[in-house]
Each structure stands twice: as structure tokens, then as C-alpha cells.
Amino acid sequence: MNGENWINEVLRERATIAPSLLASDFANLERELHKLEEGGVKVAHIDVMDGRLVPNISVGVPVVSSIRKVTTLKLDVHLMIVEPERYIEAFRNAGADFISIHIEASPCPTAALNRIRELGAVPGLVLNYGTPVEKILPFAHEADILLVMSVPAGFGGQKFHYDALESVRALRKAARPDALIEIDGGIDVNTIGAAAEAGVNLFVAGTSVFHSQDYGAQVSLLRKIALDAASKKRAV
Ligand code: DX5
Ligand code: ZN
């Protein structure tokens with residue numbers, strides 16, 4: 001399935017959960033990925049951090065490439081790095097299906113987003129928690145995915161910030177109708193409903209999936225809560 005079809009698939013599903021591997025057992029990544037596949041998951045979120053854009057370091061190109069060899073999951077690669085333009089091609093060659101860059105790292109992201117698309121991946125643009133939404137609005141229609149951070153980027157397991165949903169609502173209006181709105185940080189059974197109501201359709205969830213006993217059951221539960229909240233909103 002190419003990038004465009006994948007966007008349509010997520011739009012059709014209305015709520016798609018992308019488990020963030022940052023909270024997984026890195027010593028047993030293959031096993032973790034297979035548990036996600038068996039649980040019906042279709043997309044895994046990979047956090048790439050350089051210790052410069054964010055105060056933490058995680059994984060890079062070789063890890064994405066190793067993951068690509070052992071899974072059929074779509075790989076949603078979240079680049080929390082400065083000068084992401086330099087690495088887009090390498091991550092695409094490593095097997096990234098979605099590639100998201102931060103507006104804080106690329107204040108004029110047009111060329112980079114186009115490059116991601118040219119390489120056959122789905123381009124995403126990220127707004128960190130705390131950055132005014134106005135910074136990203138002029139480029140909102142240029143991305144296929146708009147990712148709103150609901151925690152300051154850099155670490156898993158942080159508390160969800162409800163005021164990030166203001167940015168979600170603003171971006172829902174500014175984005176193309178067929179763009180995905182993704183949220184990342186602190187998504188669990190208590191917070192996902194509000195995010196769905198605000199217009200999110202792609203939900204990153206790290207701790208709440210990988211600290212659960214049964215990944216598939218947890219992902220289904222999260223999805224059900226999101227769908228219920230979104231349909232209640234529509235009924236109002
Ligand atoms: C944080 C990362 C997130 C993180 C989410 O900078 O971008 O993807 O893994 O983890 P939870 O769901 O635990 O907040
Ligand atoms: Zn992330």
C-alpha cells in the first residue's frame with residue numbers, strides 16, 4: 001500500500017493507534033513488534049532524538065533499518081532532530097513510511113516536506129508542546145500529517161496537557177480535510193477521548209500500550225474509547 005492509500009486507510013478507520021516503541025523492550029524489539037502485529041496493530045511510531053532539538057538521545061537509522069527487516073508494520077518515524085533535511089533520505093531508505101519533522105527544527109519546511117513526498121513517504125509536520133500554533137499554521141496545508149505534541153518532546157511517560165487540544169482544533173481547521181491529525185504524549189484510556197473529540201485520528205501511545213499486559217486488547221480499548229468520543233461529539 002502506498003502512502004496515499006495509507007492515509008485513506010487511517011481516515012476510514014477514523015481512529016488508529018500507533019504504539020511508540022520508545023516504551024518497548026529494546027532488548028527484544030522483534031518480539032515486541034510481533035506482539036503488536038498479533039494484536040492487530042498496523043503502524044508503529046519510532047522516536048528519533050538527537051540530544052540537541054530535545055534533551056534526550058534514542059535511536060537512529062540502523063535501528064529503523066533493523067526494525068524494517070522484521071516487521072510488516074507501517075513505520076511512523078518522528079524526527080526530533082536538528083537539520084532533519086540531512087537525514088530524510090537515509091530514513092526513507094531505512095524503511096520509514098511516514099516521516100515527520102518539527103517546525104522548531106525547520107521553520108520553513110516546504111522543501112523538506114516535498115522531498116519526503118518525492119521519496120514516496122508520507123510527510124508530517126510536528127508542533128512541539130509550548131510552541132504557538134501560529135508558527136505552523138502557514139504550512140498546515142502542505143503536510144499530510146500534522147502531529148501535535150501533548151507533552152514537551154523528549155521523553156515517554158509524561159502527563160498529557162489538555163491545552164494542546166487548542167492547537168489540534170486550530171490545525172483541524174487549517175489542514176486539508178484529508179490530512180491526518182496525530183497526537184503524541186500521555187495518551188491513555190483517560191485522555192484519548194478528549195483528543196478524539198478535538199479531531200485527532202492518529203494516536204501515538206507508548207507507556208499505555210507497552211506497560212499493559214495485552215497490547216492488542218489495550219489498543220482495541222483505546223480505539224473504542226476514541227471512536228465513542230468522536231461519535232458522541234458528532235451526535236451533539
Ligand atoms: C516523546 C515521544 C513520544 C513518546 C510517547 O517525545 O515523541 O512518542 O514515546 O510516550 P507516552 O505515550 O508514554 O507519553
Ligand atoms: Zn513521538
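What follows is a chat between a trainee and a mentor about this predicted model.

Trainee: Before we dig in, what are the ground rules for numbering and confidence?

Mentor: Residues are numbered from 1 along each chain as its sequence is written, while chains are lettered from A and ligands numbered from 1 in the order in which they are written. This is a predicted model, where local features need pLDDT of at least 70, side-chain atom pairs count only at pLDDT 80 or more, and totals for chains, interfaces and linings use all residues, with side-chain values using heavy atoms and leaving out hydrogens and water.

Trainee: Let's go to the metal. Which residues are the protein donors of the zinc ion (ligand 2)?

Mentor: Donors here are N, O and S atoms within 2.8 Å of the metal (3.2 Å for Na, K and Ca), and water is not among the atoms, so sites may look incomplete. The protein donors lie 2.0 to 2.3 Å from the zinc ion. In sequence the donor residues are spaced H-x1-D-x30-H-x105-D. They are His45 (NE2), Asp47 (OD), His78 (ND1) and Asp184 (OD).

Trainee: And what geometry does the site of the zinc ion (ligand 2) have?

Mentor: Six donors count as octahedral if opposite donors are over 155 degrees apart and all others between 65 and 115. The zinc ion (ligand 2) has six donor atoms, with angles of 69 to 168° among them. That makes the site octahedral.

Trainee: How many residues apart in sequence are the parts that Asp47 and His78 tie together?

Mentor: Strands are DSSP runs of E with at least two residues, helices are runs of H or I with at least four, and both are numbered from the N terminus. Both Asp47 and His78 are donors of the zinc ion (ligand 2). Asp47 sits in strand β2 (residues 43–49) and His78 in strand β3 (residues 74–80), so the pair links parts whose separation in sequence is 31 residues.

Trainee: Is His45 buried or exposed?

Mentor: Buried means under 20% relative accessible area, exposed over 50%, and partly exposed in between (1.4 Å probe, protein chains only). Two other zinc donors, Asp47 at 7% and His78 at 0%, fall under that cut-off. His45, in strand β2, has 0% relative accessibility, so the verdict is buried.

Trainee: With which side chain does the side chain of His45 make a polar contact?

Mentor: A polar contact is a pair of N or O atoms within 3.5 Å; within protein, one must be able to donate a hydrogen and the other to accept it, and residues adjacent in sequence count only if both atoms are side-chain atoms. For His45 the distance is 2.9 Å, and the partner is the side chain of Asp47.

Trainee: Now for empty space. Which element gives the most to the lining of the largest cavity?

Mentor: On a 1 Å grid over the protein atoms alone, a cavity is a set of points where a 1.4 Å probe fits but cannot get out, and lining residues have an atom within 4 Å of a point. There is one cavity of 30 Å³ or more, and about 50 Å³ of space lies in the largest, where volume is the space filled by probe spheres set on grid points joined across faces, edges and corners. Its lining includes His45, Ile46 and Asp47, and both β2 and α3 (61–70) supply at least two residues. The biggest contributor, with three residues, is β2.

Trainee: Where is Ser24, and which backbone oxygen does its side chain reach?

Mentor: Ser24 is in the loop between β1 (16–19) and α2 (29–38), and at 11% relative accessible area it is buried. Beyond its neighbours within four places in sequence, Ser24 is in contact (heavy atoms within 4.5 Å) with Leu29, Glu32 and Phe210. At 2.6 Å, its side chain reaches the backbone oxygen of Leu21.

Trainee: What separates the C-alpha atoms of Met49 and Gly154?

Mentor: Met49 is in strand β2 and buried at 5% relative accessibility. Among the residues it touches, not counting those up to four places away, are Leu22, Met80, Gly154 and Phe155. Met49 and Gly154 are 105 residues apart along the chain, yet their C-alpha separation is 7.1 Å.

Trainee: Last one: what is the phi of Arg14?

Mentor: Arg14 lies in the loop between α1 (3–13) and β1, and at 41% relative accessibility it counts as partly exposed. Glu83, in the loop between β3 and α4 (88–94), also has a positive phi, near 50°. Arg14 is not a glycine, but its phi is positive, at about 70°.

How values were computed:
Tetrahedral: all angles 85-135°; square planar, octahedral: opposite > 155°, others 65-115°. 1 Å grid on protein atoms, 1.4 Å probe; cavity = no way out; pocket = protein on both sides within 12 Å on 5 of 7 lines; lining within 4 Å.
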